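Please report on the structure shown here. Cover a helix and its surroundings, the chain that holds it, the contacts between parts, and one sheet.

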Amino acid sequence: MNKIKIGLFAIVLTTFFSSCQKYLDVNSNPNSPTDVPPNVLLPNTSMGIGWANANVIGLATGLIMQYNAAIPTQWQSYDVYALDGSFGNQWNYEIYNGCLNNLVLLISKTNSTSPAYSGIAKIQKAYIMAMATDLWGDVPYSQAGQGLTYPQPRFDKQEDIYKGNSALGIQGLIDLTKEGLADLDKASVLTPSSDDLVYGGSLVKWKRAANSLLLKLAIQLTNVDKPTAKSLINSVIAGNLYINDNSLDLNVPFSSSVSNQNPAYVRDISGSFKNNECLSSRFLTLMRSLNDTVRLAKFYTKPNNVFTAYTNGNNTTAPTAASRSVYNTYVVGTTGEAPARLITNFQTQFILAEAALVLGTTGDANTYYQNGIKASMKLAGMLDAEINNYFTTNPTVVNLAGTQDDQLKQIITQKYIAWTGNGYESYNDYRRTGYPVLTLPLNAAGDDPTSVPKRFPYIATEGNSNPNQPNPRVKTNVKVWWGQ
Amino acid sequence: MLLLCFFIALTHVIAQTRTITGKVIDEKGNPIADASILVKGTTVGTFTSKEGTFSLKVSTTAKTLIVVATNFTTKEIAIDQKNDISVSLKSSSNNLDEVVVTALGISKDRKTLGYSPQTIKAEALENKGDNSLLNLLQGKVAGADITGASGSAGASTNIVLRGMSSINGSNQPLFVVDGIPISNDLDQTAGTLYGNQPANRAMDLNPSTIESINVLTGPAAAVLYGSRASNGAIVITTKKGSGQKGRVDISFSSSYSQQKVYGFPKLQNSYGQGSGGVFSSTSTSSWGPAFGATPTLTNGLITSAATNVNGINYAAGSTIDYKPYSTNLIDFFNVGNNFDNTLLINGGDTKNYFSANLGSSVTNGIMPNTNFKKNSVGFSAGSQLTNKLNISGGVNFYNTLQLGTTQGNGGNSAMFALWGVTRSTNLAYYKDNYKNLDGSNNWWVSGRDNPYFASYENPITSNLIRFIGNLKISYDVTNWLNISYRLGADAYNDRRKRIVAIGSTQASGTGRVTEDIFFRSEFNGDLLINMKKSNLFKGLNANLLLGQNINQRTYQNATVTALSLTIPNFYNVSNGTNFSSSGEYSSKRRLVGYFGQLSLGYKNYLNGELTLRVDQSSTLPKKNNSYLYYSYGGSFIFTEALKLNSKILNFGKIRASYAKVGNDAAPYKLENSFSKWSYGNNVASFSFPYGTVTGFGASSTLPNPDLTPEFSTSIEFGGNLGFLKDRLTLDVTFYKTLSTNQIIDVAIPTSTGYDSRTINVGKISNKGIELTIGGTPIKSKNFQWTISANFAKNRNVVEELYPGVTQMNLPGSYFGGVAPSVVVGQPYGVIVGSTIPRSPDGQYLIDSTTGSFATSITNQVVANPNRDWSAGLGNTFRYKNLTLSFLVDYKQGGQMLSWTIATLRSNGSLDETGVDRDKAHILPGVVSVGGGKYVSNYIQIPAQTYWSNLGGIGGGEMAVFDATTFRLRELSLTYDLPLKNTNIIKGLKLTVFGRNLFYYSPNCLIDPEVNTQGAGNIRGLELQSAPNTRNMGCSIKISL
């Protein structure tokens, strides 16, 4: 009797346990797919590189480069170089998580079957990693973005990031870009179309962008490796497939839809933190000295037909919000639809001018210089007549003259003006060449109140969990490898 | 197998019955009506009549009766051969001998337990000027840290027992009502630190329907509930039928109270709007000229250009009407009020009972256009269908409504805008004209909504409907074996609507409607097989409980966000043209548990208990989803064992217990996942889709297919002592808990491409002492004075995180530079911010050129929200029918980072900023003079610079304040009308009460008992939320 009871009990129990496993099988996630196709990763990474450029990095470099001045006190820390504690979100959630990890996934997913995607992804990866190393110096690169494969990624030397280091297994940005170019020539099962927010699936435009990126990477080497820079630029010129028309610019688009807008528009014009920066009096002075106010009016508003600026680092009462000159439609659009301009025609022209001047590459520096100014003016929306008038009435501005250094100053100053809205690029140029000449802001602070920061400070959260991050952090008055 | 033998060995006991009659009287010989008589170890029982008599059929094996009556000491009577028993009960304020409801609703004799539950009775919850259950526990439970979010209507309250231990999971105790676990979740609509401070769900309960609350502070007490009770449990028993034969008791209670802002910072009224002593119409600071200063162009009081101040247009060259508005800020707040009504109907006879309740509570908040309404109706009943079969159950329906507005630091937060109102701002003008003729926000500061606009035009509403139901069937197979099944369900649906009006400075000025719908449900089934045997061997009593538990919890949050609205004042999502921020999240988790508990008692003085539980969870990988945990403990009543019949020490017990509790993971931590991507922060953000193109990205947290359960172990020992016939009782507990193998999303370097990975890691310890003292210093026929006091001290340390990781931010939203964190070697939840550099001897370093503090060092621990110790003291004086009671409590230590004070300091509004403003100020600290030498700071700076050094929002240590507080929390005076039991009206109680009547916090300029997050793991942050209130009111309770 008891045996039967026990037997029955055992049967009941076994049935119960086995049905339990089924009952417990409810842990598949209804909220998120476990895998996604490349055509939803590419829009993310494309937007990511544009966002990283135009959001807080754009804000901070726009203030450091004195296009804008901060109205006390919201963004003033950038204005006066008190940078420590900043840029955590940019490092964490724009560059490494957001862009890089998804680029790594996109590359591994498409490298063997759909290289049209992996090619674009490699070009984007080279762009975003260049941004990281340009701003912070030595950064995680070769081991970065790969999850637990490298739980504490090494901080690669900037030289190795640019040029590679086979001993350490580092493929440099230049080679990565070239590999991306090669991928674009391969047969591809899947090809991007409307999911390519930048070029709508035009791989030839991506090739032009990649070659222009090579120019950008090469020109950064002028202080440290002229031969590499020269041969690379000459080879791009010879290949003649780079961005040489405004219509070919690598623009990350934004739209006027709320939550799809250019971050500079939301930040400065429409959002709850608006009215916290305006035109810098330094930039205004420069543009007036160059009689370049027609272009300035494309870049900045002119309330009541007057440019009203504010001085960097100032903490006295600012002009009323309505009277301030702020980013105009060229930078932010009428309702936030202006793109983030990452690699442009005027940029390649100025690079070729600088290269011709400093490295002796193919072509005439003055011609490239003038092409660059015209490309910028045209892009800004000046009429041909206005451009011609400017060239006629300002011959000393639009023609290179003087020593090599004088001419370099002219080129970089014009490039600086053209880069209005993209402070990251002009901050690179400044740290490479020392131009344009900047005056320290009032109330300068930070690591070294006597100099313009030569790099960004490292991020505390990274250091908390990655012992490879130099500790104590490198001060902002230490130049990066390619710096001057 | 052993257990099974035990089972079989007992099957041949044969049951017979006999009838026992008797009478229950008090110490003076008066009959006690409605006392419950229960055969120990069974559900067989009855209640006494008006004359105190009872008659009960019991089995011949029944050995002991338990006699319980409200306000009397519970007594156990041995029933040997006698069939007629007279029981005399002592009236009592102590609780050493009583029966307590422990885990799974099992009643146990308190003195046998190896741990010490704390019991809060109904009278401690009634008429105390608050209708939030958790607020009513403040100061009454040793080891409970209870902090409300703020004084705004319906704001949540955080409760933590014996310190925080879980980094990613909840640290809230499990809430159990009549044996059914219920939700005390807090659903946030607008981020953890920015929003309208929604209610935690325990607030749905009506405190007037509660008979008692047992607080099981340690895991030992709670192990039967399984994983979720590892933070302790709040076991609530609701009022049930009286059991009086054929009688129906009706009681109606009603209370009205008013709430006034209390703990508001003191402000200066000597200087108005401006900066640097110069008036500025655009300023949000009060650093302008002194009131009464001669208007000049230089001091800005004569305008140089046309300007608008306080709604008045001034032409160039005119004189500003410049004067103080000394009450402008405080006038923003209303006098709140609360009107509470509860109807209780109880009835039944010896075999059946029923209970019905109806409750309504309306609170109009101190913030304009805010309120909180609770409606509830419930019914429960039970019946002894046969001698062996009992059935009982109940269902409660709740409808809770909240109308709130945004608080916190952000452009449409009323409080954020309010703290930027200057001393010369005519807020009354902005009240009457909060919007322009076109409907847009009228405020002089760009990017911020007028606080009235925020309150009236940007409301957040919540409309919650909730059902809690339970059903229990119990069958006495034999007189020693009972099998029961209990089914419980708790489900709610909360429809929220968050509006940003067209014309607000937020949402690009084009408005936003968010329809945010939360749904939660929990189903719980418990099978209990209970075997009891007295005198198994010589003097050995045994009780074996076997059981099985099935639990399912589901959650869904669907959010539709409509942007770019077109039609004004039409706040329906159909008005939107962009829905890109919409989304949904749902989860389901299941758990099956098997448990057993063996309790042994020897001769009423030696008791031991062993509990085992095995859980299987859906959230863990299959290979690791079963886990075993256990507790054991015992107690020794030495006064009884050693027959110490001392008149001084009448009761003495020592006890000890050990528990290990396992816990599972959150759902969906095992697999890779991708989600729709967005970039940005509160300044600017981007989210897909972009037009018709969508973008996805990999989850920032790397999954872990090898997760194992987390465990916390706890050891506690203590004792209970009763002196002078329990006139003085003492209960002390020492405990130590260690939480290990926690399932944490541990921060990893983001350069890996991911910010965290789910992993089993970490170690957090809590150790402390809990002490409760009860006493009756004076006891006479007409006058009685009773005291209950408690003390608790907890030391919490984060001992380990992840190798190489010394610091992690707690999950939740927070502001950059102010990060609630776990830091190795520090207590849980310290705030990481920035500190001022110190000289070698610890003084602030001053910048020798500016006279300001040297550049702050970021990433430093600035505040520790954990208090050093806390104590509460309740006193009740009863003279005839008049009862006066008050509760004071004291919290020593703990720190709070206050953005309200920081803001009011840097903008020159605070009283202290007006003192000696025209004189130069010198910051405390030293100036380096080179060569490692320092001199005391001598650099004079203006008051404005001085106070902006000592203020300003951010993570600066200057915004951190010591939260030490003494508080007169409750005061009430009750008159209980002497009415005869035969009248139609049998009882009438009138009470006047006050709550939070007085507090003293010597080191904090506002009431530190606020916490912007409310319920949750982030504490010690006051990020511009509403102030606290002082409540006063009166109530009436009528019994029929």
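A:Gln66 follows α3(A) and has a positive phi, near 60°. Helices (H or I, at least four residues) and strands (E, at least two) are DSSP runs, numbered from the N terminus. α3(A) itself is mostly covered: 9 of its 9 residues are buried. Buried here means that 20 or more other C-beta atoms lie within 10 Å of the residue's own; exposed means 12 or fewer, partly exposed is in between, and C-beta atoms are placed from the backbone. Among the buried residues of α3(A) are A:Val56, A:Leu59, A:Thr61 and A:Ile64.

The model is predicted: local features need pLDDT of at least 70, and side-chain atom pairs count only at pLDDT 80 or more, while totals for chains, interfaces and linings use all residues. Residues are numbered from 1 along each chain as its sequence is written, and chains are lettered from A and ligands numbered from 1 in the order in which they are written.

**Chain A**

Chain A has 21 helices and 6 strands. Of its 484 residues, 59% are buried. Its C-alpha atoms fill a box of roughly 115 × 55 × 45 Å along the principal axes. The radius of gyration of chain A is 26 Å, which agrees with the value near 23 Å for a compact globule of 484 residues. That radius is taken over C-alpha atoms, and the globule rule is 2.2 Å times the number of residues to the power 0.38. Among contacts in chain A with a separation of 6 or more, 74% join residues 24 or more positions apart. Two residues are in contact if their C-beta atoms, placed from the backbone, lie within 7 Å.

**Domains**

Both chains are divided into domains, with bounds from an automatic or database domain assignment.

| Chain | Domain 1 | Domain 2 |
|---|---|---|
| A | residues 38-239 + 447-465 | residues 263-332 |
| B | residues 177-260 + 335-412 + 458-669 + 704-829 + 864-894 + 964-1039 | residues 834-859 + 897-952 |

In chain A, the centres of domain 1 and domain 2 are 29 Å apart, taken over C-alpha atoms. Domain 1 of chain A gives 17 residues to the contact, and domain 2 of chain A gives 21 residues. On the domain 1 side, α2, α3 (56-64) and β1 (68-70) of chain A each give two or more residues. That side holds 11 nonpolar, 5 polar and 1 charged residues. Ala, Val, Leu, Ile, Met, Phe, Trp, Tyr, Cys and Pro count as nonpolar, Asp, Glu, Lys and Arg as charged, and the others, Gly among them, as polar.

In chain B, 43 Å separate the centres of domain 1 and domain 2, again over C-alpha atoms. Their contact takes 10 residues from domain 1 of chain B and 9 residues from domain 2 of chain B. The domain 1 side has 5 nonpolar, 4 polar and 1 charged residues.

**Chain A against chain B**

This contact involves 75 residues from chain A and 76 residues from chain B. On the chain A side, α1 (2-23), α2 (38-54), α5 (88-110), α11 (263-270) and α21 (460-465) each supply at least two residues. α5(A) makes the largest share, 13 residues. By class, the chain A side has 33 nonpolar, 36 polar and 6 charged residues.

**A sheet in chain B**

Three strands form an open sheet in the order β44-β49-β50 (chain B), with mixed pairing. β44 (845-846) and β50 (933-936) of chain B are at the edges with a single partner strand each, so one side of each has no neighbour in the sheet. Strands pair if DSSP finds at least two bridges between them. β44(B) runs parallel to β49 (residues 926-930) of chain B, over 2 bridges. B:Leu845 is opposite B:Val926 in β49(B).
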